[in-house]
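The following exercises are to be solved with the sequence and coordinates at hand. Each task is followed by a worked solution.

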Amino acid sequence: MQPAALLSLGGLIALELVLAVDNLIFITIVTSRLPEAQQPSARRWGLSLAVITRLMLLFSAAWIITLTQPWFTIFGEEISGRDLILIGGGLFLIWKATMEIHERVTPSHADELDEPGAKPQPKRTPAYWPTIGQIMILDVVFSLDSVITAIGLTRHLEIMVVAVLVSVVIMIAAAEPLARFVKRNPNVVMLALSFLVMIGMALVAEGMDITVPKAIIYAAMGFSVAVEALNMLSRRAKLSQPFRDIREDDNRAQDKPQA
């Protein structure tokens, strides 16, 4: 409870939450293809089990530090264990986001393909536990840098554990409102998937020791969200215009003097 310890705890929680944005986007997209009744529990299970992997990373702090040491060299570039994890996770994220985009832009029913007489194919849904497994795997990639940073900020394991637990509780609380927002605004899904592609490319670049400032990534995401918010307001205004015209016509009819 010393001021320095509380300051470290607050900084770690803020760091975890900032780095959790892309994680929450991935979880929302991946679970959105499950049956609606299974989506909330999948998000909770995925995040809850991810706590185990994060704590395992923290408890193996000495091993985590060795991941930053070069393992081998390719074309003059030193590759460490951390680099391999980032490159693998980034490629998986790019592949997953690209497949999700393909699923949404490609017609999946025979009638949409103008095939007369053909029966529509049933919509395919992913399996429950493999979806949770994907959440846990990507959580390791997303949390690796935050764990390494946490080890550098403080040597007190209990502070790091509390920061992880608090941040995951906040993520679980934020997952449902985010999922409801995405469900009400399906057009946001494409924007979120494009974010995942960009984040995956940034992870691959970071694994190859190409510095991509996080501020630029989050600024681009923030600008895109602001533009999409304006588009949503514009569409809402256009949808409400006919109802506004009807109300104005009714008001004029009521104000018109009777003959």
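**Exercise 1: A hairpin**

In this predicted model, strands E1 and E2 make up a hairpin with two residues between them, and phenylalanine 75 in the turn adopts a positive phi of about 50°.

Task. Determine how many bridges join E1 to E2, and whether the strands run parallel or antiparallel.

Solution. Step one: locate E1 at residues 70-74 and E2 at residues 77-80. Step two: count the bridges, which number four, and note that the strands run antiparallel. Step three: identify one pair, in which isoleucine 74 has glutamate 77 of E2 as its bridge partner.

**Exercise 2: Threonine 53**

Task. Establish whether threonine 53 is buried or exposed, and which residues it is in contact with beyond its neighbours within four places in sequence.

Solution. Step one: place threonine 53 in helix H2, which covers residues 39-59. Step two: take its relative accessible area, 16%. Because buried means under 20%, threonine 53 is classed as buried. Step three: list the contacts outside that sequence window, namely Met136, Asp139 and Val140. Step four: set the residue in context; other buried residues of H2 include Ala50, Arg54 and Leu57.

**Exercise 3: Helix H7**

Task. Compare the span of H7 with the expected value, and state how many of its residues are buried.

Solution. Step one: H7 comprises 21 residues, 187-207. Step two: the distance from its first C-alpha to its last is 31 Å, close to the 30 Å expected at 1.5 Å a residue. Step three: 15 of the 21 residues are buried, so H7 is largely enclosed by the rest of the structure. Step four: just after H7, aspartate 209 has a positive phi of about 65°.

Methods
Residues numbered from 1 in each chain as written. Predicted model: local features only at pLDDT ≥ 70, side-chain atom pairs only at ≥ 80, totals over all residues. Heavy atoms only, no water. Expected span 1.5 Å × (residues − 1). Buried < 20%, exposed > 50% of the residue type's maximum accessible area, 1.4 Å probe, protein only. Contact = heavy atoms within 4.5 Å. Pairing = 2+ DSSP bridges.
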